Amino acid sequence: MNLYGMQGEVVWYKEFRQTDWDAVVLAGGFSYADRLRAGVIASVTKAMDEVVEAAEEGKPVLGICNGFQMLVERGLMGDVALLHNANNRFVCKWIKVKVVNTRTPWTLDYEQGEVVDMPVAHAEGRFFSEREPDSVVFKYIENPNGSLWDVAGVHAAGRRNVVGLMPHPERAAEDVLAPPGRGPGGSKVWTSLRKALKSGW
Amino acid sequence: MNYKVEVIIRNKKVARDPEGETIKKELVARSSLANKVKDVRSGKWLLFEVEAQSPEEAVKTVEKICREMRIYNPVVHEMEVRTHQGSRPEVPGH
């Protein structure tokens with residue numbers, strides 16, 4: 001597929017070799033039926049060993065929703081956890097998020113503090129940490145799950161090339177995907193990546 | 001010898017537990033004995049059957065696996081590992 005001038009492909013996890021790619025997106029959805037905890041079982045697969053390698057080489061890696069849960073469970077995002085939502089339900093709605101760090105390959109096209117629309121769709125997205133991390137990239141304006149400090153997304157501990165978030169920028173990438181009153185708040189994630197790959201970040 | 005080892009994983013006190021809260025608020029609260037219940041916490045319970053020389057070794061084995069494989073997340077969970085009550089050596093034919 002050709003998106004925002006970049007060539008992408010959906011890769012079967014058993015065939016994923018990170019050396020074939022310039023950037024990696026762990027898309028949302030479910031893995032292993034969310035058994036034990038969302039993302040924990042996928043986080044120990046060979047495909048995730050490849051993702052860790054890509055992360056260590058400095059390639060842009062993005063985890064969306066279940067992809068974020070995998071990055072967290074793999075331990076890439078530091079001492080944080082994603083717990084069952086505070087209302088104990090699956091939450092599926094459009095919300096506003098604020099971009100609080102534009103120094104990542106996934107957010108460099110946003111203005112610092114820009115507020116944009118994206119949908120969330122998850123049951124285990126309540127961000128938890130003992131103290132507020134300095135790696136926050138996205139914050140909820142409309143906190144849908146009880147996340148501490150309204151954290152919606154973070155970059156990896158000490159690594160800004162790896163970003164994870166619960167909202168879905170890919171489901172808010174174009175006008176046609178946004179419902180009335182909401183905008184395609186995720187599109188700049190992809191224009192950011194294009195810029196980062198083209199001219200560095 | 002095989003031993004049964006149970007693992008209880010629950011959120012630390014500092015992390016809210018919506019399932020436990022809902023059970024307390026929506027079910028326990030409707031009971032005639034509700035005033036006796038001060039708190040309800042939910043968690044996950046796993047039962048391992050492990051080959052070991054002693055119950056202590058069986059518990060240690062399970063603890064190690066749970067830590068190594070992140071079966072619990074130390075950031076937010078506390079884990080209890082102990083031999084399963086009533087556990088006894090398996091008797092062949094039973």
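How far apart are the mean positions of the positive and negative charges of chain A? The answer is 3 Å, for 23 positive and 25 negative charges. Keep in mind that what you're looking at is a predicted model, so every number here is computed from that prediction. Let's walk through chain A, then turn to chain B.

Start with the overall layout. Chain A has three helices and 11 strands, and if you follow the sequence from start to end they come in the order β-β-β-α-β-α-β-β-β-β-β-β-β-α. Chain A's radius of gyration is 15 Å, close to the 17 Å that the globule rule gives for 201 residues, so the chain is as compact as a globular protein of that length. Its C-alpha atoms fill a box of roughly 40 × 35 × 30 Å along the principal axes. Of the 201 residues in chain A, 53% are buried. Now take the contacts in chain A between residues with a separation of 6 or more: 69% of them link residues 24 or more positions apart. As for the outside, chain A exposes about 9,300 Å², and carbon and sulfur atoms supply 50% of that.

Next, zoom in on the helices, beginning with α1 of chain A. Its buried residues are A:A47, A:M48, A:E50, A:V51, A:V52, A:A54 and A:A55. They pack against β3, β4, α2 and β11 of chain A. Just after this helix, A:G58 takes a positive phi of about 90 degrees.

Helix α2 of chain A covers residues 66–73, and eight of its eight residues are buried, so the helix is largely enclosed by the rest of the structure. Reading along, these are A:N66, A:G67, A:F68, A:Q69, A:M70, A:L71, A:V72 and A:E73. What does the covering of those buried residues include? Among the elements are the strands β3 (24–26), β4, β5 (80–83), β10 (151–156) and β11 (159–165), together with the helix α1 (46–56). Right after α2, A:G75 takes a positive phi of about 90 degrees.

One residue of α2 deserves a closer look. In soluble globular proteins, nonpolar side chains tend to be buried together. Here, the largest nonpolar core has 51 residues, and A:L71, A:M77 and A:F138 are those with the most contacts inside it. Setting aside neighbours within four places in sequence, A:L71 touches A:L26, A:M48, A:V51, A:V61, A:G63, A:L76, A:M77, A:V162, A:V163 and A:G164. There's also a second, separate core of 13 residues, which includes B:Y3, B:V5, B:A58 and B:I71.

Now look for A:I64, in strand β4 (residues 61–64) of chain A. Is A:I64 buried or exposed? Its relative accessibility is 1%, and because anything under 20% counts as buried, A:I64 is buried. Beyond its neighbours within four places in sequence, the contacts of A:I64 include A:V25, A:L26, A:A27 and A:G28, as well as A:L165, A:P167, A:H168, A:P169, A:E170 and A:W190. Compare its position with that of A:E15: the two are 49 residues apart in sequence, and their C-alpha atoms are 20 Å apart in space.

Over in helix α3 (residues 187–199) of chain A you'll find A:S192. It has a relative accessible area of 0%, so A:S192 is buried too. Leaving out neighbours within four places in sequence, A:S192 is in contact with A:P105, A:W106, A:T107, A:L108, A:D109 and A:Y110.

Finally, chain B. It has two helices and three strands, arranged along the sequence as β-α-β-α-β. The radius of gyration of chain B is 17 Å, well over the 12 Å that the globule rule gives for 94 residues, so chain B is more spread out than a compact globule. Its C-alpha atoms fill a box of roughly 45 × 35 × 15 Å along the principal axes. Among the 94 residues of chain B, 30% count as buried. For contacts in chain B between residues at least 6 apart in sequence, 76% join residues at least 24 apart. Chain B exposes about 6,500 Å², with 52% of it supplied by carbon and sulfur atoms. To end where we began, with charges: chain B has 18 positive and 15 negative side chains, and the centres of these two sets lie 8 Å apart.

Terms used:
Residues are numbered from 1 along each chain as its sequence is written. Chains are lettered from A and ligands numbered from 1 in the order in which they are written. This is a predicted model: local features need pLDDT of at least 70, side-chain atom pairs count only at pLDDT 80 or more; totals for chains, interfaces and linings use all residues. Side-chain values use heavy atoms; hydrogens and water are left out. A nonpolar core is a set of buried Ala, Val, Leu, Ile, Met, Phe, Trp, Tyr and Cys residues joined through side-chain atoms within 4.5 Å. Buried means under 20% relative accessible area, exposed over 50%, partly exposed in between (1.4 Å probe, protein chains only). Contact means heavy atoms within 4.5 Å. Helices (H or I, at least four residues) and strands (E, at least two) are DSSP runs, numbered from the N terminus. The radius of gyration is taken over C-alpha atoms; the globule rule is 2.2 Å times the number of residues to the power 0.38. Accessible areas come from the Shrake-Rupley method with a 1.4 Å probe; for residues, only the protein chains shown count as cover. Lys and Arg count as positive and Asp and Glu as negative; His and the chain ends are not counted. The place of a charge is taken as NZ of Lys, CZ of Arg, CG of Asp or CD of Glu.
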